[in-house]
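I had some time at the screen today and went through one structure piece by piece. Here are my notes, in the order I looked things up.

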Amino acid sequence: MDPVAAGTDKVVVPEGFQWAPIIAWGDPILAGAPAFDFDRQTAAAQAGQMGYNCDYVGVVRNGSANQAVLVVNNEYTNNDLMFHDYAGATSMTDDQVEITINAHGMTVVEMTRKNPNSKWVYTKGAPLNRRITAQTPFELVGPVRGHDLVKTSADPAGTTPVGTFGNCAGGTTPWGTILSGEENFNGYFTQPAAPGTDLAGQGAARYGLAGGSSAQHDWDRLDERFDLTKEPQEAHRHGWVVEVNPFDPSAAPRKLSALGRLKHEGANVVVASDGRVVAYMGDDERFDYMYKFISKGTYVEGDLANNLTLLEEGDLYVAKFSGDGSADGLHDGTGEWLPLVVDGQSTVEGMTLEEVLVFTRLAADKVGPTKMDRPEDVEVNLVNGRVYAALTNNSRRTPAQLDEANPRASNKHGQVLEITPSSGDHTVTGFDWKLVLVCGDPDDPETYFNGYDKSQVSPISCPDNVAFDSAGNLWIATDGNALGHCDGMYLMPLEGEHKGHLQQFLSVPAFSECCGPLVEWDDRVVFAAIQHPGEETGASTTNVLSRFPYQGNTQPRPAVIMVWPEAKGGPGKGSSKAA
Ligand code: FEO
Ligand code: CA
Ligand code: CA
Ligand code: CA
């Protein structure tokens, strides 16, 4: 494989590969939903159509290898690109406000293909198709269910939060459910001007909920719960990891309080050697932390009822990284998972279990974890058993705040961190760690590509999402390339002769971000979510900077795409050829 050159408003794939959109914003998924019509959008239509800005991509088999269910997060909306004459949130009609509400959340859709060499096609009106929006009722499960901190006037029992939004990355569990991280939920609320002095007030300050701003998209115009001056506890019902069973469209999606409340990037689950499951998680904010959850119960292959309880009860830890000095030429060292919850009890002085879980950032602050450069996707490589975290950037780190895991001031380009659990056991608290990739221009002496010859590698900036193919190669998608070209997807072997040989696999259209990635089970298909094409200051429906993904589009539309070989073979095989 030859690495691609960066394109403009194009998807650029390596020679020998092709790409196609599978589903784009507005494509109808529910029976009766109308075809997308940019000039005649309605909230009712949007509730049955694919949502806006797609981020996490999960694909689970649905019977045969040619049938699958696609689950996609719809993180946020670009209203200036959705509506003509948009002039701020208050310029929207009530129906447009509700369109934005319904364009958030998640999209679940069945898809089929003729054979492993053909394109995946989604099926309108299929039984498992589902939209989850900012208006969908959820079940709150785990220790916080029914607690006073999550009661509101609309839900005095504190059990049924409504809606999910700001959902970024996610994970697919070993039992086939999809996890999705509620990340930048704070901006959706009208906020008090100043935090209170009680724990909830400190929490509001720590989670960006007390800055006096108005609700993004004016959602509180239609639903008072989005005004925290009237309904302060509504904010405690967001910022969770949610779990969706794509095979049971009638079951309420669930919010998992045992995994803590953060600006959750996502969560990825691995089964440990003793059968307990471990979820790794990042809290995406400058100077925030990495977490892991260890279930109380154990995984039983094929027992869905049992496995659906695993993320309801367990222990919670936050990461501390110690460096061994950079004189050895490596950013590496040892680390420790510091407990916040053990055996169902808070281990944090002065905080109850429920307080630790609702105000997890405040709890973590008390135990001295390492302040990271925006922890995004954290995922286990099932081939080598190690954990990889994308630390995307941190413009605010000062020279006085450096540590070996976060070694650059004004960090524009980010790094990828590898964790090796002690004795290979994900349930223990000790680990070794190493930066396997310090991103940027390879000519920059501070960059590092796992020891590979830097004259042979692609420039990379702002790693966001990570994934692995069946050979254990690391795939990275970027967001916010600070090297001045388009975002994309990259591939880096982690073992062997070509360990560290990072190559760009995909370049995405103008002003978009590359999400996913997902390498399908047989390594023949790479999925990507192309988020916010055309997003730029000054862009509008008349000043269009992208027409992705369809020829003839008048407007850009976020979409899930697939990339696959023109001939028999596969991206995994292509990568090993390169290696
Ligand atoms: Fe939505 Fe952390 O990126
Ligand atoms: Ca070192
Ligand atoms: Ca992300
Ligand atoms: Ca991932």
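I started with the rule for burial: I call a residue buried if 20 or more other C-beta atoms lie within 10 Å of its own C-beta, with those atoms placed from the backbone. A reminder to myself: this is a predicted model.

**Entry 1, Val-270.** I wanted to know whether Val-270 is buried or exposed. I found 22 C-beta neighbours inside 10 Å, so Val-270 counts as buried. I then checked where it sits, and that is strand E12, residues 264-271. Skipping the neighbours within four places in sequence, I listed its contacts as Val-277, Val-278, Val-380 and His-426. I also took the distance to Asp-522: C-alpha to C-alpha it is 20 Å, with the two positions 252 residues apart in sequence numbering.

**Entry 2, from E12 to E13.** Which way do E12 and E13 run relative to each other? They are antiparallel, joined by six bridges. I picked out one facing pair, Asn-268 and Tyr-280 of E13. The two strands make a hairpin with four residues between them. In that turn I noted Gly-275, which has a positive phi of about 95°.

**Entry 3, E13 itself.** I counted burial along E13, residues 276-283. Seven of its eight residues are buried, so the strand is largely enclosed by the rest of the structure. E13 also runs antiparallel to strand E15, residues 290-298, again through six bridges. Here I wrote down Gly-282 opposite Met-290 of E15.

**Entry 4, E27 and E28.** I moved on to strand E28, residues 503-507. Five of its five residues are buried, so E28 too is largely enclosed by the rest of the structure. Strand E27, residues 488-492, pairs with E28 in the antiparallel sense over four bridges. For a landmark I took Tyr-490, whose bridge partner in E28 is Gln-504.

**Entry 5, the nonpolar cores.** Which residues touch the most other members of the largest nonpolar core? Out of 137 residues, I got Leu-70, Ala-279, Leu-437, Ala-528 and Val-560. I followed up Val-560 and, leaving aside neighbours within four places in sequence, found it in contact with Ile-22, Ile-23, Cys-54, Val-57, Leu-70, Val-72, Phe-527 and Ala-529. Apart from this core lies another one of 20 residues, including Met-82, Ala-134, Ala-210 and Trp-219.

Methods
Residues numbered from 1 in each chain as written. Chains lettered and ligands numbered in written order. Predicted model: local features only at pLDDT ≥ 70, side-chain atom pairs only at ≥ 80, totals over all residues. Buried ≥ 20, exposed ≤ 12 C-beta atoms within 10 Å, placed from the backbone. Contact = placed C-beta atoms within 7 Å. Pairing = 2+ DSSP bridges. Core = buried A, V, L, I, M, F, W, Y, C linked by C-beta atoms within 7 Å.
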